[in-house]
Amino acid sequence: MEQTLSNNLLTVTIDTHGAELQSIVSKTTGHQYLWQGDKTFWGRRSPVLFPIVGAVWQGRYRMDGREYEMGQHGFARDCDFTIMPDTPDDEAWFALESDEATLSRYPRRFRLEIGYRLQEARLTVMWRVINLDDRDMTFQIGAHPAFNYPEFNPSDPVHGYFCFGPRDLHAEVIEAKGCVGSETVSLSLDGHDMLPIEATTFSRDAIILDDSQVRRVSLLDKHRAPYLTLLFSAPLVGLWSPSPSAPFVCIEPWWGRCDRVGFDGDFAAREHVNNLAPGNTFDASYMIIFDNF
C-alpha cells in the first residue's frame, strides 16, 4: 500500500513495504528525482537499513553468547510496516514492531517508526527506534536513497559532481565481502572543491566518509548546476553507484557502518553502533533539499 504527500512543488510516494520512498516528482517539470529500481543495475530505490548498516563479517554476528545470520543492511527494508494514524497533513508515518521472525535474527524487542515530512522543496526523513526489551539494545540505522542524474548520458566523462565545501577528506574503502579494511584514501577534489563523478569514482565500491567529516553533501549536475542537497547529523555518509553506466548515485547518511574485515567480536563491540537502554528512544533524521525545478 502506498501513501502520498504532495504540495505545489513536489509529489512524494512511500510504500508500506519497507516504509520505502518510491517516487519524488517535481510538479513544475515532471522530473523524477528518485531512481525507479530497475534491476538491470539495482532493484531498490531508497531502503532503510536496520538493525545493521552494510555487512557483518562472513554474514554472521554474535549477541548474548549466540551466533546469528544477518544479510547486508538488515531486514527492515523487506518487512511490511503499518500506517500510523492521526499524523499531520504534511507527514506520513509507518511502524514496524519486532515479532518471532525478527527475534530469530535479532534478539531484541523493538518498535521502529519511520516518518516523512514534505515542506516546500524539502523532504525530511525521520527515524525513531524504541527499545521494548528488558536489555540494552545495540543497533545501527541508515539511509540508502538513489537519485537519478539529470540529463544522463553514459558516454559523458563526468555524470555530475559532489560538493562538500572546501576541505580535505579521507575515505574508508571496501576491502572484502562488503567489509572495510585498514586502508584510507584521500579524495581528489577539483579546483572548485568538488568531486567529479567519473567512471572510476566507485571502482572500489562505496566511498565511506566517517568521523563526522561532513554534515552536508550536494549533488550538482554535469554543468555544476545545483540539483539537490542532503543535510544530516549522521557520523558517516556513504556514496555509491553500482557501475559507470548506472544512471543514478546514492547519498547515504549512516548511524552505523559495516564490519571491519575479520571482526568476530560481540555485536556491542562493533564499530559505530548505537546503544539504547530498555524503554528509551533514539531519534534521528536527515533532510533532502531539491534545488533544480
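Start by selecting leucine 228 and phenylalanine 290: the two are bridge partners, with phenylalanine 290 sitting in β24. What you have open is a predicted model, where local features need pLDDT of at least 70, side-chain atom pairs count only at pLDDT 80 or more, and totals for chains, interfaces and linings use all residues. Residues are numbered from 1 along each chain as its sequence is written, and side-chain values use heavy atoms, with hydrogens and water left out.

**The strands around that pair**

Now widen the selection to residues 226-232, strand β20, and residues 281-290, strand β24; five bridges pair them in the antiparallel sense. Strands here are DSSP runs of E with at least two residues, helices are runs of H or I with at least four, and both are numbered from the N terminus. Two strands count as paired if DSSP finds at least two bridges between them. Along the β20 and β24 pairing you can also pick out leucine 231, which stands opposite methionine 287 in β24.

Leucine 231 has a partner in another strand too: arginine 216 stands opposite it. To see that side, select residues 216-220, strand β19, which runs antiparallel to β20 and is joined to it by five bridges. β19 and β20 make a hairpin with five residues between them, and in the turn arginine 224 has a positive phi of about 70°. Why is β20 described as largely enclosed by the rest of the structure? Five of its seven residues are buried, so the rest of the structure largely encloses it. Buried means under 20% relative accessible area, exposed over 50% and partly exposed in between, using a 1.4 Å probe and protein chains only.

**The whole sheet**

Next, colour the nine strands of the open sheet in the order β7-β8-β9-β10-β24-β20-β19-β14-β17, with antiparallel pairing. The edges are β7 (82-83) and β17 (194-197), each pairing on one side only.

Go to the β7 edge. Two bridges join β7 to β8, and the two run antiparallel; isoleucine 83 has phenylalanine 94 in β8 as its bridge partner. Strand β8 covers residues 91-97, and six of its seven residues are buried, so β8 is largely enclosed by the rest of the structure. On to β9, residues 110-119: seven bridges pair this strand with β8 in the antiparallel sense. There, alanine 95 stands opposite glutamate 113 in β9.

**The cores**

Show side chains for Tyr116, Trp127, Ile141, Phe162, Phe164 and Ile251, the residues with the most contacts inside the largest nonpolar core, which has 70 residues. A second, separate core has 16 residues, including Trp35, Trp42, Leu49 and Ala146. A nonpolar core is a set of buried Ala, Val, Leu, Ile, Met, Phe, Trp, Tyr and Cys residues joined through side-chain atoms within 4.5 Å.

**A cavity to look into**

Select Arg60, Tyr61, Arg62, Asp259, Phe263, Gly265, Asp266, Phe267 and Arg270, which line the largest cavity. On a 1 Å grid over the protein atoms alone, a cavity is a set of points where a 1.4 Å probe fits but cannot get out, and lining residues have an atom within 4 Å of a point. About 30 Å³ of space lies inside the largest cavity.

**Zoom out**

Finally, show the whole chain, with its one helix and 24 strands. Buried residues make up 54% of its 293 residues. The C-alpha atoms fill a box of roughly 55 × 50 × 35 Å along the principal axes.

Methods:
On a 1 Å grid over the protein atoms alone, a cavity is a set of points where a 1.4 Å probe fits but cannot get out, and a pocket is an open set with protein on both sides within 12 Å along at least five of seven lines; lining residues have an atom within 4 Å of a point. Grid points are joined across faces, edges and corners, and a volume is the space filled by probe spheres set on the points.
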